[in-house]
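Q: I'd like to learn how to read empty spaces and helix packing in a protein model. Could we go through it together, step by step?

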Amino acid sequence: NAPVVAQLCTQLDGMPLAIELATTRLRSLSATQLLERVDRRFQLLNRGDRAALPRQQTLRALVDWSYELCSESEQLFWRRLSVFPGSFDMEAAEAVCGFGELPAGDVLDLLDALVAKSILSVRRDGEVLRYHQLVTIREYGQELLSNPEEVKVLRTRHLRHYEERCDTMVRNWCGPHQSRFLQDARVDRANLTAAMEWALEAPGEHATAARMASLLRYQWVSGNFIPEGRALLDRVLAERPDANHLDYASAMWVAAWVSLIQGDHDTGAGYARQCLRMARELDDPSLEAHAEHWLALHRLFSGDLAGAIELYQKVSAAHSARGDIAARLTALFQLGMAQALDNRLEAALETCQQVIEIASSHGELWNRAYAYWIRGISYWRLGEFASATDAVTEALRIQRDNFQDGVCVALSLEALHWITVSTGNHVRAAELAHAVASVWSELGITVASFGPHMHEASESSNARMRRALGRRGASPASEAPRMSKTQAIDCALGVTAGPAKNGTMQNPLTKKEMQVAGFVAQGLTNRLIAQQLVISPRTVDGHVERILAKLGFSTRSQIAAWATALGQ
């Protein structure tokens with residue numbers, strides 16, 4: 001039961017007293033039963049050593065003692081901060097908690113005071129610091145935040161702040177800050193989810209949840225959060241108090257986009273058609289263009305390439321007329337995809353060049369990466385394999401350095417695999433096949449989601465590779481552990497050699513990072529890891545961030561599973 005014990009220690013924030021109090025419960029509960037009840041920690045961990053100091057006899061007594069050491073302003077700030085379910089930055093703390101008897105101008109000093117008292121921990125990510133409360137500390141603050149009106153005010157301020165952040169991302173999407181916007185959305189995932197959950201429950205805020213769900217469109221379709229986005233959008237649209245509200249119509253075309261990429265083509269088309277009906281009822285040409293945009297993608301994914309091309313030309317012109325550059329670029333690269341698959345290769349290359357030029361003039365990279373992927377497919381179909389490889393690897397470099405967009409990564413790896421098979425390097429193709437299969441598996445979708453022409457090209461290339469390898473078709477790559485997205489990109493770009501001779505993946509971490517990963521697998525917090533390695537917690541924070549980036553992970557539990565698989 002070591003994994004259960006490690007998870008229990010993690011849930012208890014690695015607090016020595018909490019762990020010591022938990023062990024006394026093992027007289028009557030198993031570790032698993034204890035873990036299932038840890039959400040009631042203050043009632044559960046209430047029997048300690050009666051000979052100890054009073055503050056060390058129960059978990060509540062310890063936190064009571066810490067709370068009493070704080071000033072009234074610090075106590076109020078502690079209570080208000082409990083509205084954040086995850087980490088937060090100073091701007092969020094000022095916007096959400098800085099009001100009334102606690103002005104926003106006091107937040108900086110109060111943050112500093114609570115960090116000094118270890119009520120808050122600091123997570124360093126470049127120049128922007130984020131703050132985090134232990135679960136125990138946050139739950140204590142939530143218990144004290146008992147006034148319903150105060151809770152409502154805080155929840156509403158929290159909702160408005162993160163709604164504004166989503167709006168800022170979309171309004172400024174077509175520019176040089178796309179990578180930061182997506183990274184911020186991923187880091188703030190817990191806060192965004194909590195804000196939308198509150199909006200779905202609070203009277204009069206349901207449309208706000210729909211608005212936020214639609215504004216997070218790039219988060220959902222970047223591949224890493226497709227199931228989460230789909231579930232949320234379905235939930236928002238299942239109940240629409242104001243059926244003709246524009247925010248619901250916007251959520252519909254975003255739901256169509258997500259559903260189509262997920263492979264649920266019929267549902268996606270249904271959402272797009274509903275959106276089109278609403279657009280015409282509301283007499284909204286911009287909304288109508290968005291609805292037809294995703295009907296064009298449905299045609300593309302259904303194999304109707306000529307119909308898709310015709311509709312995309314209409315839609316891109318409509319987006320252009322309204323100055324929606326981001327939507328126009330997306331429509332254009334998808335037009336290029338339809339043209340390439342329909343063997344209109346010169347037209348596809350012209351379309352891709354247009355996307356690249358417009359995107360470059362705005363410092364935009366997200367659509368540009370997809371344009372390079374389509375350019376690669378076009379050159380592959382023309383038999384110009386060197387140019388095809390250059391284009392696809394450029395798409396992968398953009399992804400590696402900026403987005404880690406799982407969909408674009410998987411599609412680019414697919415194209416590189418096809419090109420490699422066509423050049424006759426079937427051993428290398430087998431490595432790439434393993435890389436692309438790993439990414440599709442992580443996403444939970446397949447290349448078939450992107451239409452019969454894409455699926456046929458993939459199946460044909462795999463069949464050619466298997467025939468060429470013969471008995472070697474069961475290569476070491478097929479038996480190796482699944483690659484992370486980062487490992488797959490590195491394998492494709494030649495940063496690593498792919499599977500090693502013993503069938504295990506090469507390790508991208510340094511010796512020190514491996515030590516940290518091993519301690520994470522044991523359930524230790526960053527502070528405890530720092531004590532073990534005799535380094536500062538800040539240094540450990542940096543190691544963990546680099547490990548997450550190198551492995552393409554987003555949670556500590558993923559690091560733990562990976563390190564355990566390596567025998568750390």
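A: Happily! We will sort residues by class, so here is the key: Ala, Val, Leu, Ile, Met, Phe, Trp, Tyr, Cys and Pro count as nonpolar, Asp, Glu, Lys and Arg as charged, and the others, Gly among them, as polar. Please also keep in mind that this is a predicted model.

Q: How do the residues of the lining of the second largest cavity divide by class?

A: They divide into five nonpolar, two polar and two charged. The residues in question are A185, R189, L192, T193, M196, L216, Q219, W220 and E228, and the space they line has a volume of about 40 Å³.

Q: Which helix gives the largest share of that lining?

A: Helix 12, with four residues. Helix 12 (189–201) and helix 14 (217–221) each supply at least two residues.

Q: How is empty space found in general, and how many cavities of 30 Å³ or more does the whole structure have?

A: The general idea is to roll a probe the size of a water molecule over the atoms, which shows where empty space is left. Here, a search of the whole structure finds three cavities of 30 Å³ or more. The largest cavity holds about 140 Å³ of space.

Q: Which residues lie nearest the centre of the largest cavity?

A: Those are I261, F333, Q334, Y370 and F450, out of 15 lining residues. By class, the lining has 13 nonpolar residues, two polar and no charged ones.

Q: Which helices each supply at least two residues of that lining?

A: Helix 16 (246–262), helix 18 (285–302), helix 20, helix 22 and helix 24 (406–423) each do so. Helix 20 gives the most, with four residues.

Q: What about a space that is open? What is the volume of the second largest pocket?

A: The second largest pocket has a volume of about 560 Å³. It is lined by 23 residues, and the closest to its centre are D89, R165, R180, D184 and D188. The whole lining comprises 12 nonpolar, two polar and nine charged residues. At least two lining residues come from each of helix 7 (90–97), strand 3 (128–132), helix 10 (148–171) and helix 11 (178–187).

Q: Now for packing. At what angle do the axes of helix 20 and helix 22 cross?

A: Here the cut-off helps: angles under 35 degrees count as roughly parallel, and over 145 as roughly antiparallel. Helix 20 (residues 325–341) and helix 22 (residues 366–382) have axes that come within 9 Å and cross at roughly 10°. That is why helix 20 is roughly parallel to helix 22. The crossing is left-handed.

Q: Which residues of helix 20 and helix 22 meet?

A: From helix 20 come A326, L329, T330, F333, G336, M337, A340 and L341; they meet W366, N367, Y370, A371, W373, I374, I377, S378 and R381 of helix 22. By class, this contact has 12 nonpolar, four polar and one charged residues. You may recognise F333 and Y370 from the centre of the largest cavity.

Q: Are helix 25 and helix 28 roughly parallel or antiparallel?

A: Roughly antiparallel. Helix 25 (residues 426–443) and helix 28 (residues 485–493) pack at an angle of about 155°, with their axes 9 Å apart. Their crossing is left-handed.

Q: Which residues make that contact?

A: R428, E431, L432, A435, V439 and E442 in helix 25 meet K485, A488, C491 and A492 in helix 28. Counted by class, there are six nonpolar, no polar and four charged residues in the contact.

Notes
Residues are numbered from 1 along each chain as its sequence is written. This is a predicted model: local features need pLDDT of at least 70, side-chain atom pairs count only at pLDDT 80 or more; totals for chains, interfaces and linings use all residues. Side-chain values use heavy atoms; hydrogens and water are left out. Axes are lines fitted to C-alpha atoms, for helices over the stretch in contact, and angles run from 0 to 180 degrees between N-to-C directions. Angles under 35 degrees count as roughly parallel, over 145 as roughly antiparallel, 65 to 115 as roughly perpendicular and the rest as oblique. A crossing is left-handed if the near helix is turned anticlockwise from the far one by less than a right angle, and right-handed if clockwise. Contact means heavy atoms within 4.5 Å. On a 1 Å grid over the protein atoms alone, a cavity is a set of points where a 1.4 Å probe fits but cannot get out, and a pocket is an open set with protein on both sides within 12 Å along at least five of seven lines; lining residues have an atom within 4 Å of a point. Grid points are joined across faces, edges and corners, and a volume is the space filled by probe spheres set on the points.
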